[in-house]
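Dear colleague,

I am passing on the structure we spoke about, with my notes below it. Please look through the model first and then read the notes beside it.

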Amino acid sequence: MRDVRLPARPVASSSVSAPDHDNLLADQNLRRRLTQRQLSMIALGGAIGVGLFLGSSITVRLAGPGVILSYVLGAVIAMIVAFAIAEMAVVQPVAGAFGIYAETYLNPWFGFAVRATYGVVQIIAIGAEVTAVAIYCGFWFPHVPQWVWVTIASLTLVVINALQVGTFGELEYWFAVVKVFAIIIFIAIGGMLIMGVGPTAALGLSNLVAHGGFLPFGLKGVWLALTLVLPSYMGVEVVAVTAGEARNPERSIPRAMRTIVYRLIVFYVLAMVVMLALTPWNRVGSKNGISGSPFVSAFSSVGIPYAASIMNLVVITAALSSCNADLYLTTRMLFSLSRSGYAPGWVSRISGNGVPHRALGISTAGMMAAILLAIYAPSRAFLMLYGVAVAGMLFVWSVILLSHIRFRERLSSEVRLPIKLAFSPYSNWLGIAALVGITVSTFFVDGLRYAEPAFLPFLLAMSVLYWKLRRPAQAVTDADGPTT
């Protein structure tokens, strides 16, 4: 297969061309030390986290056992986005990823807005994830204030991200291995309990149809649950963001993306089936807020010694893993904005070990917010942070799909892609329609009702900032060469 990558900046030609790989890397000043093995696990680390282990306590109350269908629908949308972004990442493996693609194939405003939004969303998500760690620790230490655990988790993760990217990749790999292995064990043990393998009687699947049936709130509940289920899959785009530091991106990116998508579908759907089979859905979660993971509660209810504590340790690891990945993503997105002239130049300065350490410092803002919320609003902190992140990610995914439509229009007929989105552009428009529908549905979900109204002023502020920064950014681009 011929080399089909694009340069880091937009090109003037009407079709995709193949630039020099070494020049592209030199332009980024980042080091390609992430292997395909690490890429796959970093992607899983970014996706399997609080959305599944903690957010499911809310989605189950919206849809009952029907939330299983919500995860299947979410998987379809996630797969469309994942394959679309993988195509572009193979052709153009740069830090900033879909922000560069939006600038290249749509216009500079989209390139700025999607990167700024993603950076802010990930900063907020980091706050939600360290808050989740504090909630989990409350299972063992209910009298210790949440802010203590938030602070400890935050300091640990900043230290890890300050290490060179190869070390970060290896640590994140083992973080993700722990939770993937734990999910497999959870599904296996749960399956044995359901089928009656061992000394206990079979639990069966009666909990999936009891207490109001499989769809106690109808298809409306399934759709409303999708507003919080879909963010569980938001993390598949991490493969594209890491492309700027990936070895052999034309081979490692397609393999990593296929691995993450198919594993997520299997893990999420089977894990939810097992959890809901072990615990009646109407006992999952609390009407007064989030007090712990339903996966921990599921093991508590079946009476296996120490199983709940072991599972609690796993969900803590999962939250730390996804937070670790998000901190990495935010740092690279801020780096990309700075290199494009939309943030001060000092933001993209790199330490001796190849880490954008100043961008890393800015990325800790979500942790600071989480500490304050843990002090002043501990019962509502997680959903307040998570809800705002949802609104931004719906926008980011929509822009990715729009960029891919234009990317395909400009793709040379001679280019052979190692991974392709089927039925494009029809699948793109189907994904965009679903994202718009989910956006509208957030107005009917407690905790998300004000997420979109809060996001619109943010987008307006980003637009004003863009126009103010456009002239110096244009000057940087003109100095580098012609653009479209």
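What follows is a summary of what I found, arranged by region.

Please keep in mind throughout that this is a predicted model.

I begin with the nonpolar core. The largest such core has 148 residues, and the members that touch the most others are Phe98, Met272 and Trp397. Helix H7, which covers residues 108-137, supplies the largest share of this core, with 18 residues. If you would like one residue from which to explore the core, Met272 may serve: leaving out residues up to four places away in sequence, it touches Leu52, Ser56, Val60, Val67, Ile68, Tyr71 and Phe295.

Tyr71, one of those contacts of Met272, leads to the aromatic residues. There are 13 aromatic pairs in the structure, and one of them joins Tyr71 to Tyr268 in an edge-to-face arrangement, with 5.6 Å from centre to centre and 75° between the planes. Because Tyr71 belongs to helix H5 (residues 67-91) and Tyr268 to helix H12 (residues 249-278), this pair ties together parts that lie 197 residues apart in sequence. Both Tyr71 and Tyr268 are buried, and together with Tyr233 they make up one aromatic cluster.

Helix H5 itself deserves a short remark. With 25 residues at 1.5 Å a residue, H5 should span 36 Å, and the C-alpha atoms at its ends are indeed 36 Å apart, so expectation and model agree. Of those 25 residues 20 are buried, and H5 is therefore largely enclosed by the rest of the structure.

Tyr71 can also be approached from helix H4 (residues 56-63), where Thr59 is found. Thr59 is buried, with a relative accessible area of 0%, and, neighbours within four places in sequence aside, it is in contact with Gly64, Val67, Tyr71, Ala225, Leu228 and Val229. Although Thr59 and Val222 are 163 residues apart along the chain, their C-alpha atoms are separated by 8.7 Å. Val67 and Tyr71 appear among the contacts of Thr59 and also among those of Met272.

A second aromatic pair is found in helix H19 (residues 451-480), where Phe455 and Phe458 are three residues apart, about one turn of the helix. Their ring centres are 5.8 Å apart and their planes stand at 40°, so this pair is classed as tilted. Phe455 and Phe458 are both buried.

Helix H19 also contains Glu452, which I would ask you to examine with some care. What is the nearest side chain of opposite charge to this buried residue, given that Glu452 has no salt bridge? That side chain is Arg449, and it is 13 Å away. The contacts of Glu452, not counting residues up to four places away in sequence, are Ala391, Leu394, Thr439, Thr442 and Phe443. Arg449, for its part, forms a salt bridge with Asp446, with 3.0 Å between the closest N and O atoms. At 33% relative accessibility Arg449 counts as partly exposed, whereas Asp446, at 55%, is exposed.

The count of salt bridges comes to four, and two others may be set beside the one just described. Arg115 is bridged to Glu103, the closest N and O atoms being 2.6 Å apart; since Arg115 lies in helix H7 and Glu103 in helix H6 (residues 98-105), the pair ties together parts that are twelve residues apart in sequence. Arg115 is buried, with a relative accessible area of 0%, and Glu103 likewise counts as buried, at 12% relative accessibility.

The side chains of Glu409 and Arg406 also meet in a salt bridge, at 3.4 Å from N to O. These two are three residues apart in helix H17 (residues 381-410), and are thus separated by about one helical turn. An α-helix has 3.6 residues a turn, so residues three or four places apart point the same way. Here Glu409 counts as exposed, at 58% relative accessibility, and Arg406 as partly exposed, at 36%.

With best regards

Technical notes. Residues numbered from 1 in each chain as written. Predicted model: local features only at pLDDT ≥ 70, side-chain atom pairs only at ≥ 80, totals over all residues. Heavy atoms only, no water. Core = buried A, V, L, I, M, F, W, Y, C linked by side-chain atoms within 4.5 Å. Buried < 20%, exposed > 50% of the residue type's maximum accessible area, 1.4 Å probe, protein only. Helix = DSSP H or I, 4+ residues; strand = E, 2+ residues; numbered from the N terminus. Contact = heavy atoms within 4.5 Å. Phe/Tyr/Trp six-rings, centres within 6.5 Å; stacked < 30°, edge-to-face > 60°. Expected span 1.5 Å × (residues − 1). Lys, Arg positive; Asp, Glu negative; His and termini not counted.
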